[in-house]
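Colleague: I'd like to learn how to read burial, cores and pockets in a model. Could you walk me through one?

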Amino acid sequence: SNLTIVEVEACDAGSYTCVAENEVASVNQTGSLSVLVPPTITFPPDGHTFYTNEFTPAVFQCTATGIPAPEISWYRNGTVLNNSTDARVTLSMVATDGGNVSQVSRTLTLDNATDSDSGNY
């Protein structure tokens with residue numbers, strides 16, 4: 001006997017048990033199904049423009065979902081940003097488990113933003 005799940009979704013993950021029985025005995029075998037979900041950026045919308053006033057913090061947030069939980073990196077004009085490349089850069093991350101799908105948010109904060117910080121992030 002076969003069990004077929006058409007169009008598998010994250011909620012289908014879990015344990016499945018096959019039971020075989022007759023008048024002599026009953027036996028079972030259990031297996032598990034893990035469903036991988038590719039990352040999806042849920043915020044900000046593609047092409048979103050952020051604005052801030054000069055010499056105030058510029059705050060960018062990116063939220064993504066997926067299984068396993070995605071890793072989020074911030075880039076400026078194609079160069080990866082991290083806390084050690086610029087003392088004004090702060091990266092923070094929050095991960096939550098929304099049932100079967102993990103959600104990760106990573107915030108980029110540029111202290112005292114100036115016109116020279118303009119670019120593609």
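Modeller: Gladly, and keep in mind that this model is predicted. Let's start with burial: a residue is buried under 20% relative accessible area, exposed over 50%, and partly exposed in between. Phe 50 has a relative accessible area of 29%, so Phe 50 is partly exposed.

Colleague: And Phe 60, buried or exposed?

Modeller: Phe 60 is buried, at 8% relative accessibility.

Colleague: How many aromatic pairs does the structure hold?

Modeller: There are three. In one of them, Phe 50 and Phe 60 meet edge-to-face, with 4.9 Å centre to centre and 70° between the planes. Phe 50 sits in the loop between β3 and β4, and Phe 60 in strand β4, so this pair ties together parts 10 residues apart in sequence. Phe 60 also pairs with Trp 74, here in a tilted arrangement at 5.7 Å and 50°. Ring pairs join Phe 50, Phe 60, Trp 74 and Tyr 121 into a cluster.

Colleague: What should I expect of the nonpolar side chains?

Modeller: In soluble globular proteins, they tend to be buried together. Here the largest nonpolar core has 13 residues, and Phe 60, Trp 74 and Leu 108 touch the most other members. Strand β4 gives the most to this core, four residues.

Colleague: Which residues lie nearest the centre of the largest pocket?

Modeller: Those are His 48, Phe 50, Phe 60, Gly 119 and Tyr 121, out of 31 lining residues. The pocket's volume is about 810 Å³, and its lining divides into 16 nonpolar, 10 polar and five charged residues. β4 supplies the largest share of that lining, five residues.

Technical notes. Residues numbered from 1 in each chain as written. Predicted model: local features only at pLDDT ≥ 70, side-chain atom pairs only at ≥ 80, totals over all residues. Heavy atoms only, no water. Core = buried A, V, L, I, M, F, W, Y, C linked by side-chain atoms within 4.5 Å. Buried < 20%, exposed > 50% of the residue type's maximum accessible area, 1.4 Å probe, protein only. Helix = DSSP H or I, 4+ residues; strand = E, 2+ residues; numbered from the N terminus. 1 Å grid on protein atoms, 1.4 Å probe; cavity = no way out; pocket = protein on both sides within 12 Å on 5 of 7 lines; lining within 4 Å. Points joined across faces, edges and corners; volume = space filled by probe spheres on them. Nonpolar A, V, L, I, M, F, W, Y, C, P; charged D, E, K, R; others polar. Phe/Tyr/Trp six-rings, centres within 6.5 Å; stacked < 30°, edge-to-face > 60°.
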